[in-house]
Amino acid sequence: MNTVNFVTIPSAIVPDQEILVFGARRLTYAELNDQVARLCAVFKQLGLKQRDVVAVLDTNSDLYIQCYYAAAKAGLTFLPLNYRAKDAELEYMINTADAKALLVGDRYLELIGRIQSRLKLNKIIALGKGAKPMARVADLIAKAEPDETEAEVDDEDISILMYTSGTTSLPKGVMLRFRDFAAYVTANVEMADGTDRGVALVCVPFYHIAGTTAYMTNIWTGRRVIVMPQFEAKSWLELVQRERVTHAFVVPTMMKQIIDDPAFANSDVSSLANLAYGGAPMPVQVIRRAIEIFPKTVGFVNAYGQTETTSSLTVLGPDDHRLEGTPQEIELKLKRLNSIGKPLPDVEIKVRDEDGKFLADGEVGEIIIRTPRIMKGYAGREDDSRLPDGWRATGDLGWVDGDGYVFFAGRKDDMIIRGGENIAPAEIEAILMSHPAVDECAVIGDPSVEWGQTIKAFVVVRSGHKVTEAELAEFCRSRLASFKRPESIGFIDALPKNPLGKILRKDLRAPAGGI
């Protein structure tokens, strides 16, 4: 299935339904389909041929979405670039992907100018006003006739080449096929048929798999998509209120900024029916506070997934976020708030040890998964995560309880080995985060001649609170086994994170350690 059908099929059924909103621009399915067809013609006029790579560097917009679907219609591979990447990283991604053309937003023209002489491509087109003598997409679209043809793509053809964040090394190009997106989208939502499916607010960057699958699923199902160029808490709250948003997805840092924003108290968020979160581990106190202060009609959803698996693998649903019932039921739900939920219907999950043996419920090991939407592979690299019988190693540690809930225990690479004992940082972090004075924390292994590694914790103190290293050490003493207690606890103003809220432990491992 060519993913441009996510637009063309609904546009044939409900052409006049409004589907895409960006600022003052509001497009129906028919208008979106027309723009996609014209931009498809532009790509062909630029000399791009089926399976060529076209790259985009810009913040979120309606035109960005049109670029993807036009690329799909022409049978091209789409390369969404991380606009927060450094010069060298962008040069690496564009050149290793062998991109033939680059569409760039105005705010990144200077950046591209710095690296242009080192880029292999020779077609650079402005998404905005541009700079002379650069061609502008808007002008090209205005002159183009709609191309009504649709490339016959193979299910194995690469629809999107998406580079991972590269928090520990150079980013890896994840090759996601047309069939991967077709399997994910059509399996999780119904096709648009004119019934009211609500309004979705998309604020996660489109270079991230969560942003990409958000616009795909919502456009396919007929839920009007409100696009934010970049997240800002006050603007998010204003859009929810003005557009009567029913569905939204945020990463943990966004959730915290939303509930901490002074505007929250006077914002009407009663229209929200589904507020999903993911992309990084959610601190329990943040989601508990969100549950307390959002209207009780909001259904919270925790989604865990990877770029390599075309987004979500497990979901912790609204019922598990409703802290109601008997004291025993509430205690169980509080425990499950630490989990990442249960596997989706097309996903199998197991946990294995270092020798590859499957572990029993409650035992910590590496999470491995099996699903029909695992990536084709890494561009130009070997994929050492593939296992026999269709299984894939995630590199994540965790365990499964007796009821099938999956618990995340951190990255395999983050495992601390102290005196031969394997220690998951997440277990220690969960204890520290339960202290009322701790806002955030991260735990790493510190090199040690005697022990191999010792445990070092970095703590961000909550505003208005005070706590000493000795007090936190005593707090851990009664809650952790002796070999799991931090040998040192340092205080830091803020944890280093990537744009989606994942902690950059490599920065904490630097000699200064941020303290």
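Just after helix H9, Arg244 takes a positive phi of about 55 degrees. This value, like the others in this report, comes from a predicted model. Helix H9 itself covers residues 233-243, and its buried residues are Ala233, Trp236, Leu237, Leu239, Val240 and Glu243. These residues lie on the same side of H9, because they cover an arc of only 160 degrees around the axis. Glu243 also belongs to a network of salt bridges, in which it is linked with Glu18, Arg26 and Arg224.

**Salt bridges**

The structure holds 37 salt bridges. Three of them are listed here with the N to O distance.

| Acidic residue | Basic residue | N to O distance |
|---|---|---|
| Asp87 | Arg114 | 2.7 Å |
| Glu366 | Lys412 | 3.4 Å |
| Asp414 | Arg509 | 3.0 Å |

The side chains of Arg114 and Asp87 meet in a salt bridge. Arg114 sits in helix H5 (residues 109-115) and Asp87 in helix H4 (residues 87-96), so the pair ties together parts that are 27 residues apart in sequence. Arg114 counts as partly exposed because its relative accessibility is 43%. Asp87 is partly exposed too, with a relative accessible area of 23%.

Glu366 and Lys412 also meet through their side chains in a salt bridge. This pair links distant parts of the chain, 46 residues apart: Glu366 is in strand E17, and Lys412 is in the loop between strand E20 (406-411) and strand E21 (416-418). Is each partner buried or partly exposed? Glu366 has 7% relative accessibility and therefore counts as buried, whereas Lys412, at 31%, counts as partly exposed.

Asp414 forms a salt bridge with Arg509. Asp414 lies in the loop between E20 and E21 and Arg509 in the segment after helix H16 (505-508), so this bridge ties together parts that are 95 residues apart in sequence. Asp414 counts as buried because its relative accessibility is 14%. For Arg509 the relative accessible area is 39%, so Arg509 is partly exposed.

**The loop before strand E17**

Gly362 lies in the loop between strand E16 (348-352) and strand E17 (365-370). With a relative accessibility of 47%, Gly362 counts as partly exposed. Which residues does Gly362 touch, not counting those up to four places away in sequence? They are Trp399 and Val400. Gly362 and Pro295 are 67 residues apart in sequence, and their C-alpha atoms are 34 Å apart in space.

How values were computed. Residues are numbered from 1 along each chain as its sequence is written. This is a predicted model: local features need pLDDT of at least 70, side-chain atom pairs count only at pLDDT 80 or more; totals for chains, interfaces and linings use all residues. Side-chain values use heavy atoms; hydrogens and water are left out. Buried means under 20% relative accessible area, exposed over 50%, partly exposed in between (1.4 Å probe, protein chains only). Helices (H or I, at least four residues) and strands (E, at least two) are DSSP runs, numbered from the N terminus. The arc is that of the directions from the helix axis to the C-beta atoms. Contact means heavy atoms within 4.5 Å. A salt bridge is a side-chain nitrogen of Lys or Arg within 4 Å of a carboxyl oxygen of Asp or Glu.
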